[in-house]
Amino acid sequence: MSTRTHARTVVITAVLMLGLAACAPASTTPSASQSAGSESPASQSPGATGQVSGTITVFAAASLKATFTQLASDFEAKNPGTRIVLSFAGSSDLVTQITQGAPADVFASADTKNMTKLADAKLLDGTAKDFATNVLEIAVPPSNPASIASFAELAKAGVKVVVCASQVPCGAAADTVEKAAGVTLAPVSEESSVTDVLGKVTSGEADAGLVYVTDVKGAGGKVRGIPFDESGRAVNTYPIATVGSSRNKELAEAFIAMVTGADGKKTLSEAGFGAP
């Protein structure tokens with residue numbers, strides 16, 4: 001073979017090899033983050049980002065105690081290195097504490113009125129999200145000593161009834177129901193939270209108390225629930241938001257995502273809360 005012929009053959013072979021390389025499939029070698037087994041944000045469920053850490057304090061309405069205690073425990077289990085500190089009280093009391101500078105990261109209210117107070121004061125980060133609803137129910141001792149069977153019977157002479165104070169969501173709901181039913185109650189006590197009302201009934205200090213359906217369900221056999229039609233006239237919507245002064249907004253938003261997501265909806269529904 002001549003030198004010229006040999007050179008032509010080498011050139012043709014090289015061209016063919018370059019063509020084959022261009023047609024080969026792209027490399028599927030994973031990136032450093034992929035090879036480390038990390039997930040993309042879209043594949044992660046709310047409350048389980050695997051990226052948040054630290055501690056936040058959640059101020060929540062007293063009626064949320066059982067559900068939020070469960071959700072906080074679930075969140076911490078899914079996110080090692082996080083801690084959710086919970087503080088429960090009447091929504092109006094919590095608003096007062098936050099307004100006065102209490103170190104809260106998340107606020108969950110039992111009504112929109114108290115959340116609006118913080119929004120108007122520009123103490124929230126972003127917009128609050130509705131995540132549940134609740135209605136009132138009459139709670140009586142298991143033996144129902146006053147033989148209560150309707151809302152109107154709470155106004156009978158001699159009946160010791162306990163309600164929430166008007167500035168508390170459950171108290172505002174009771175006022176609405178009273179007006180709708182045309183019934184005026186004469187409570188022997190007005191409490192600062194719905195759990196205090198329930199406590200008066202379970203201790204035998206009251207014949208009846210106006211609480212939420214979720215409180216009756218959560219109390220088990222300690223009380224008996226008496227539903228009444230007028231309760232539908234006062235449906236409380238529960239919003240949740242990040243407090244503007246939070247020092248860990250990323251963790252706060254991750255917890256809120258769990259509450260408003262599938263896990264939160266399931267836990268809240270099982271406790272008797274309605275959808276927003």
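Strands here are DSSP runs of E, at least two residues long, numbered from the N terminus. The model on display is a predicted one.

**First stop: G54**

Select strand β1, residues 54-61, in which G54 lies. With a relative accessibility of 27%, G54 counts as partly exposed, because the buried class ends under 20% and the exposed class begins over 50%. Next, add N248 to the selection: 194 residues separate it from G54 along the chain, yet the two C-alpha atoms are 7.6 Å apart. N248 is also one of the residues that G54 touches; the others, leaving aside residues up to four places away in sequence, are G81, T82, R83 and L251.

**Second stop: the largest pocket**

Centre the view on S63, A66, T214, D215 and G218, which lie nearest the centre of the largest pocket. The volume of this pocket is about 250 Å³, and 15 residues line it. Colour α3 (65-78), α7 (194-202) and α8 (213-219), since each of these helices supplies at least two lining residues. Which of the helices gives the most to the lining? It is α8, with 5 residues. By class, the lining of the largest pocket holds 6 nonpolar, 5 polar and 4 charged residues.

Now colour by domain, with domain 1 as 54-133 + 237-271 and domain 2 as 134-235. The largest pocket lies between the two domains, because both give residues to its lining.

**Third stop: the second largest pocket**

Select I98, G101, A102, P103, A104, D105 and L123, together with V243, S245, S246 and R247; these residues line the second largest pocket. Its volume is about 170 Å³. The lining of this pocket divides into 6 nonpolar, 3 polar and 2 charged residues.

**Fourth stop: S193**

Move to the loop between β7 (189-191) and α7, where S193 lies. Is S193 buried or exposed? Its relative accessible area is 6%, so S193 counts as buried, a class that takes values under 20%. Show the side chains of S193 and D196, which are joined by a polar contact of 3.1 Å. Beyond residues up to four places away in sequence, S193 touches A62, G90, C164 and V168.

**Fifth stop: the largest cavity**

A search of the whole structure finds 2 cavities of 30 Å³ or more. For the largest cavity, select A61, A62, S63, A89, G90, S91, A110, V168, P169, C170, V194 and Y212, which line it. This cavity has a volume of about 60 Å³. Its lining comprises 9 nonpolar and 3 polar residues, with no charged ones. Domain 1 and domain 2 each contribute at least three residues to the lining.

**Sixth stop: N114 and the second largest cavity**

Select helix α5, residues 112-120, and find N114 within it. N114 has 0% relative accessibility and is therefore buried. A polar contact of 3.1 Å links the side chain of N114 to that of D111. Apart from residues up to four places away in sequence, N114 touches S91, S92, V95, F107, S109, Q167 and P169.

Both N114 and D111 line the second largest cavity, as do K113, K117, S166, Q167 and A172. About 40 Å³ of space lies in this cavity. Helix α5 provides the largest share of the lining, 3 residues. The lining divides into 1 nonpolar, 3 polar and 3 charged residues, and at least three residues come from each of domain 1 and domain 2.

Notes: Residues numbered from 1 in each chain as written. Predicted model: local features only at pLDDT ≥ 70, side-chain atom pairs only at ≥ 80, totals over all residues. Heavy atoms only, no water. Helix = DSSP H or I, 4+ residues; strand = E, 2+ residues; numbered from the N terminus. Buried < 20%, exposed > 50% of the residue type's maximum accessible area, 1.4 Å probe, protein only. Contact = heavy atoms within 4.5 Å. 1 Å grid on protein atoms, 1.4 Å probe; cavity = no way out; pocket = protein on both sides within 12 Å on 5 of 7 lines; lining within 4 Å. Points joined across faces, edges and corners; volume = space filled by probe spheres on them. Nonpolar A, V, L, I, M, F, W, Y, C, P; charged D, E, K, R; others polar. Domains from an automatic or database assignment. Polar contact = N/O pair within 3.5 Å; in protein donor to acceptor, adjacent residues only side chain to side chain.
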